Amino acid sequence: MGEVIVITSGKGGVGKTTTTANVGTGLAMQGKKVVLIDTDIGLRNLDVVMGLENRIVYNLVDVVENNCRIKQALIKDKRYPNLYLLPSAQTKDKTAVTPEQMKKLSDTLKEEFDYILMDCPAGIEQGFKNAIAGADRALVVTTPEVSAVRDADRIIGLLEANDIRKNHLIVNRLRTDMVKEGNMMSSDDVVEILAVDLIGVVPDDEQVVIATNTGEPLVGSNSKAGQAYMNICHRIMGEEVPFLDLEETKGFFSKFAAIFKK
Amino acid sequence: MGIFTNFFKGAENSSDVAKNRLKVAITSDRAVCSPELMEQMKNDIIEVISKYLDIDTDGLDIKVTKTELDDSSETVNALLANIPIKEGSKNFRKR
């Protein structure tokens, strides 16, 4: 019996889709059977981040409206044969699907997959309600900014109100240099405010932008962000993994140069 | 350089400012009642307590917040009231 995980944040642009793509790919790399569902109807994005945009035939709305069988709509990933994507519809809107339909879909997929990842749209309206309908647990993504943290707090409240209590926090786009200067909240600060368990800290890493450009998730790569995402996957599977040291590991020369820059 | 400029300005770090602003914003976001209802409740509480004690109504602060229960790590919503008692209040004897 699989587990349904919703990736949500409230605020837009904090990295929900990137997180879904990387965590999903990472879990598949660990041998799990995974399906990613883009629940943002009308604004589909997960397909491009995964590099699968050219393979879409059917979508989520087709599935719930029984225009096709689930299997027909699932797109197999380019790299991992145990990873699938159920893309969103681009021409419909969020009212095309109901929470009941999503719950039913989750229950069906749970029989075949180890993990079902729901990429939630921004906001707290029907799109959010659809995404959380069948969820067993949630990954709440935030960045260390006041707007994102405030929205995350609201989202955690709504998840609890909907009886989703296994909620974990991902602090995304952390910049250790700014934290050091006292100009960015640390992951500890964010955890203190939100009072929810931390499952990962992902540094602000230009490799993420590059990976999105090419449609190849960077999880498992040597980059700090790639390692951070893989650690999140291990923690989702219940393993204890120490948190990464996100300090810049500069070589001797760049350290030397940095002294003169100041 | 950061340390020196902060030192001379005597200014708070911007991350501390963010944290404090967030705490205030989130506390009021979490409030379960409307401001009107809170005001009404506050006035009723003042009325009842004033029967027994002289209280400082200006320093009074009532808010809904989240708190951890003593006997478990579960967080619950709680009504937190900070009601200062005036010097020399009735029914209140200093030791």
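In the predicted model, A:Ile75 has A:Leu85 of strand S4 of chain A as its bridge partner. The strand that pairs with S4(A) here is S3 of chain A (residues 75-76), and the pairing is antiparallel, with two bridges. Six residues form the hairpin that leads from S3(A) to S4(A).

Strand S4(A) also pairs with strand S2 of chain A (residues 34-38), in this case in the parallel sense and over four bridges. Within this pairing, A:Val34 is matched with A:Leu83 of S4(A). The side chains of S4(A), which spans residues 83-86, alternate in direction: A:Leu83 and A:Leu85 point one way, whereas A:Tyr84 and A:Leu86 point the other way. All four of these residues are buried.

The two chains meet through 15 residues of chain B, which are in contact with 15 residues of chain A. On the side of chain B that touches chain A, the most is given by helix H2 of chain B (residues 14-30), which supplies eleven residues. By residue class, this side of chain B comprises five nonpolar, five polar and five charged residues.

Elsewhere in chain B, B:Asn77 lies in strand S2 of that chain (residues 75-82). B:Asn77 is classed as exposed because it has 12 C-beta neighbours inside 10 Å, and a residue with 12 or fewer falls in that class. Between B:Asn77 and B:Asp16 the separation is 61 residues in sequence and 25 Å in space, taken from C-alpha to C-alpha.

Key: Residues numbered from 1 in each chain as written. Chains lettered and ligands numbered in written order. Predicted model: local features only at pLDDT ≥ 70, side-chain atom pairs only at ≥ 80, totals over all residues. Contact = placed C-beta atoms within 7 Å. Nonpolar A, V, L, I, M, F, W, Y, C, P; charged D, E, K, R; others polar. Buried ≥ 20, exposed ≤ 12 C-beta atoms within 10 Å, placed from the backbone. Pairing = 2+ DSSP bridges.
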